[in-house]
Amino acid sequence: MVHGDRRRLFEVFQNLIDNAVKFSSSQPEPLVEIGVDGYEDEMPIIVVRDNGAGISPEHHERIFGLFNKLDPAAEGTGVGLALVKRIIEFHGGRIWVQSEAGKGAAFYFTLPAGKRDQDNIPESI
């Protein structure tokens, strides 16, 4: 269980999953995995992984910038990952990518964890 603004966190998952599907759909056997990969500072590390086109290491930081699209012909505006990063950081987490060109991508992020009590806002998901 993680704590955060339900609508904003939905946007995080929607953007990451949409990208994973978009960039792995050309594979003979597209694969998108979502899960938890350990903990960092007592926060779960959530991962969205695909077997798609991948991202060269020199572009790992650039992809989180506003309007930074690696493929100008690709669908989308280049806003999604910048928005994802801002939402994650607003919630006190961090996001990073592990990827190589042609070998898929894994987006990792942390979010505060804990039990929800009745008076606690923001909501848990």
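Reader: Does Asp-41 count as buried or exposed, and at what relative accessibility?
Author: In this predicted model, the relative accessibility of Asp-41 is 66%. Buried would require a value under 20%, and exposed one over 50%. Since its value passes the upper cut-off, Asp-41 counts as exposed, at 66%.

Reader: Where is the place of Asp-41?
Author: Asp-41 belongs to none of the strands that flank it, β1 (32-40) and β2. The latter strand covers residues 43-50. The place of Asp-41 is therefore, with the DSSP runs taken as the elements, the loop between β1 and β2.

Reader: What is the sign of phi in Asp-41, and near what value does it lie?
Author: Most residues other than glycine have a negative phi. Asp-41 departs from this pattern, as its phi is positive although the residue is not glycine. The value for Asp-41 is near 50°.

Reader: Which phi does Glu-42 have?
Author: Glu-42 also lies in the loop between β1 and β2. Its relative accessibility of 72% makes it an exposed residue. It is not a glycine, yet its phi is positive, at about 65°.

Reader: Which pattern of helices and strands does the protein follow along the sequence?
Author: The protein has 2 helices and 4 strands. Helix α1 spans residues 6-24, and helix α2 spans residues 80-90. Read along the sequence, the elements give the pattern α-β-β-α-β-β.

Reader: What share of the contacts with a separation of 6 or more comes from residues 24 or more positions apart?
Author: One pair that is distant in sequence is Leu-83 and Val-12, 71 residues apart along the chain, with C-alpha atoms separated by 7.8 Å. Another is Gly-80 and Glu-11, which are 69 residues apart and have C-alpha atoms separated by 8.8 Å. Over the protein, residues 24 or more positions apart account for a share of 61%.

Reader: At what angle do α1 and α2 pack?
Author: Two packed helices are described by the angle between their axes and the distance between the axes. For α1 and α2, the axes are 9 Å apart, and the crossing is left-handed. The angle at which they pack is about 145°.

Reader: How many nonpolar, polar and charged residues form the contact of α1 with α2?
Author: From α1, the contact takes in Arg-8, Leu-9, Glu-11, Val-12, Asn-15, Leu-16 and Asn-19. These meet Gly-80, Leu-81, Leu-83, Val-84, Ile-87 and Ile-88 of α2. The residues divide into 8 nonpolar, 3 polar and 2 charged.

Reader: Is Leu-83 of helix α2 buried, partly exposed or exposed?
Author: Leu-83 touches Glu-11 and Asn-15, leaving out residues up to four places away in sequence. Its relative accessible area is 30%, whereas buried means under 20% and exposed over 50%. Because its value falls between these limits, Leu-83 is partly exposed.

Reader: Against which elements do the buried residues of α2 pack?
Author: The buried residues of α2 are Gly-80, Leu-81, Ala-82, Val-84, Ile-87 and Ile-88. Among them, Gly-80 has a relative accessibility of 19%, and the limit for buried is under 20%. The buried residues of α2 pack against α1, β3 and β4.

Reader: Which residues touch the most other members of the largest nonpolar core?
Author: This core has 20 residues, and the elements that give two or more of them are α1, β2, α2, β3 and β4. Phe-107 is in contact with residues including Leu-16, Ile-46, Ile-63, Leu-81 and Val-97. The members that touch the most others are Leu-16, Phe-107 and Phe-109.

Reader: What relative accessibility does Thr-110 have?
Author: Thr-110 is found in strand β4. Apart from residues up to four places away in sequence, it touches Glu-40, Met-43, Pro-44, Ile-45, Ile-88, Gly-93, Arg-94 and Trp-96. Thr-110 counts as buried because its relative accessibility is 0%.

How values were computed: Residues are numbered from 1 along each chain as its sequence is written. This is a predicted model: local features need pLDDT of at least 70, side-chain atom pairs count only at pLDDT 80 or more; totals for chains, interfaces and linings use all residues. Side-chain values use heavy atoms; hydrogens and water are left out. Contact means heavy atoms within 4.5 Å. Buried means under 20% relative accessible area, exposed over 50%, partly exposed in between (1.4 Å probe, protein chains only). A nonpolar core is a set of buried Ala, Val, Leu, Ile, Met, Phe, Trp, Tyr and Cys residues joined through side-chain atoms within 4.5 Å. Axes are lines fitted to C-alpha atoms, for helices over the stretch in contact, and angles run from 0 to 180 degrees between N-to-C directions. A crossing is left-handed if the near helix is turned anticlockwise from the far one by less than a right angle, and right-handed if clockwise. Ala, Val, Leu, Ile, Met, Phe, Trp, Tyr, Cys and Pro count as nonpolar, Asp, Glu, Lys and Arg as charged, and the others, Gly among them, as polar.
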